[in-house]
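Reader: I am new to this structure and should be grateful for a close look at its interior. Please take one well-packed residue as the starting point and work outwards from there.

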Amino acid sequence: VTILLHKPVGFVSGQAEKGYRSAAELVTEANHWPEDRSPQKFKAAHRHGLAPAGRLDIDSVGLLVLTQDGRVARRIIGEDSPVDKEYLVRVAFGPVTQNVQAAFPPQRLALLRHGLSLDGQPLKPAQVHWQNPEQLRFVLTEGKKRQIRRMCELVGLRVVGLKRIRIGQVRLGALPVGQWRYLAADERF
C-alpha cells in the first residue's frame with residue numbers, strides 16, 4: 001500500500017529518534033481520514049514495512065508519502081527522479097515579519113531560483129515565487145537535507161513555517177493534520 005499522511009510538527013519522517021515519534025505511528029484506524037475515497041479498508045498489515053518516500057523535517061508539516069512499494073519510493077526520491085515537490089514557506093527577513101516581500105531584495109530571490117550551492121554542490125534550478133507578502137512558494141526537483149531552510153539562510157531569510165503541499169501530481173488537498181488516506185487508484189506521482 002501507499003499512504004498519504006498530513007504530517008504534523010513534532011514527528012520525524014523515518015524511525016523514531018531522540019524521544020520523537022515516527023510519523024508512521026499516526027497510521028491507525030482512528031486517524032484514517034473519513035473522506036478517503038479509496039475502497040481499501042484498513043488492515044494492521046498495511047502498517048508493516050511502511051517506509052517514507054522522502055523526508056519532512058520535524059519542524060515541517062504537510063504531505064508525507066509512506067509506502068510498502070519500492071517502485072513508488074524510487075519514482076519519488078530516486079537519484080534521477082523527475083518528480084517535483086511544492087512547498088509553501090513562511091519567512092522573515094531580519095526583524096521584518098510582515099510584508100517581507102517589500103523588504104527582500106529581488107536579486108536574492110533570483111539566487112533562490114538558481115545560483116546557490118549546498119555542501120559544495122550547486123543546486124538544480126528551483127521555481128520560487130511570492131505566494132503573498134510573507135510566504136514563498138518553492139517547487140524543487142531535488143531534496144537535500146533541510147534544503148529550503150538552508151537555501152533561505154544563505155540569502156538572509158529565516159523560515160517561520162514550512163508546508164509541503166504537493167509531490168508530483170498528488171496534492172495534500174483537504175487532508176487534515178495528523179490524518180492519512182490511501183493513494184487513490186487514479187493518482188500518480
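Author: **The surroundings of Leu136**

In this predicted model, Leu136 is in contact with Tyr87, Leu88, Val89, Val91, Leu109, Leu112, Val128, His129, Trp130, Gln131 and Leu157, when neighbours within four places in sequence are left aside. Leu136 also has a prominent place in the largest nonpolar core, which has 36 residues: together with Leu112, Phe138 and Leu157, Leu136 touches the most other members. The element that gives the most to this core is strand 6, with 4 residues. In general, nonpolar side chains of soluble globular proteins tend to be buried together. A second core, separate from the largest one, has 14 residues, among them Leu4, Val83, Ile167 and Leu175.

Helix 4, residues 147-154, has buried positions of its own: Gln147, Ile148, Arg149, Met151 and Cys152. These buried residues pack against strand 6 (85-93), helix 3 (106-113), strand 7 (117-118), strand 10 (135-140) and strand 11 (157-167). An α-helix has 3.6 residues a turn, so residues three or four places apart point the same way. Just after helix 4, the backbone at Gly156 takes a positive phi of about 90°.

Helix 4 also takes part in the largest pocket. The volume of this pocket is about 820 Å³. It is lined by 33 residues, and those closest to the centre are Arg55, Gly143, Lys144, Lys145 and Arg146. At least two lining residues come from each of helix 1 (70-77), strand 6, helix 4 and strand 11; helix 4 gives the most, with 3 residues. By residue type, the lining of the largest pocket comprises 13 charged, 10 polar and 10 nonpolar residues.

The second largest pocket holds about 280 Å³ of space. Thr2, Val72, Leu183, Glu187 and Arg188 are the closest to its centre among the 15 residues that line it. Here helix 1 gives the most to the lining, with 3 residues. The lining of the second largest pocket divides into 7 nonpolar, 5 charged and 3 polar residues.

Aromatic rings complete the picture. The count of aromatic pairs comes to 4. Phe42 and Trp180 have ring centres 5.7 Å apart and planes at 55°; an angle from 30 to 60 degrees is neither stacked nor edge-to-face, so the pair is tilted. Because Phe42 lies in the loop between strand 3 (21-22) and strand 4 (51-52), while Trp180 belongs to strand 13 (residues 180-182), the pair ties together parts that are 138 residues apart in sequence. Trp180 has a relative accessible area of 0%, and since buried means under 20%, Trp180 is buried. A further pair, Phe93 with Phe104, is edge-to-face, with 5.2 Å from centre to centre and 90° between the planes. This pair links distant parts of the chain, for Phe93 is in strand 6 and Phe104 in the loop between helix 2 (100-103) and helix 3, 11 residues apart. Phe93 and Phe104 are both buried. Finally, Phe42 and Trp180 join with Tyr182 in one aromatic cluster.

Strand 6 thus recurs throughout this description: it gives the most to the largest nonpolar core, packs against the buried residues of helix 4, supplies at least two residues to the lining of the largest pocket and carries Phe93 of the edge-to-face pair.

Methods. Residues are numbered from 1 along each chain as its sequence is written. This is a predicted model: local features need pLDDT of at least 70, side-chain atom pairs count only at pLDDT 80 or more; totals for chains, interfaces and linings use all residues. Side-chain values use heavy atoms; hydrogens and water are left out. Buried means under 20% relative accessible area, exposed over 50%, partly exposed in between (1.4 Å probe, protein chains only). Contact means heavy atoms within 4.5 Å. On a 1 Å grid over the protein atoms alone, a cavity is a set of points where a 1.4 Å probe fits but cannot get out, and a pocket is an open set with protein on both sides within 12 Å along at least five of seven lines; lining residues have an atom within 4 Å of a point. Grid points are joined across faces, edges and corners, and a volume is the space filled by probe spheres set on the points. Ala, Val, Leu, Ile, Met, Phe, Trp, Tyr, Cys and Pro count as nonpolar, Asp, Glu, Lys and Arg as charged, and the others, Gly among them, as polar. A nonpolar core is a set of buried Ala, Val, Leu, Ile, Met, Phe, Trp, Tyr and Cys residues joined through side-chain atoms within 4.5 Å. Rings of Phe, Tyr and Trp (its six-membered ring) pair if their centres lie within 6.5 Å; planes under 30 degrees apart count as stacked, over 60 as edge-to-face and the rest as tilted.
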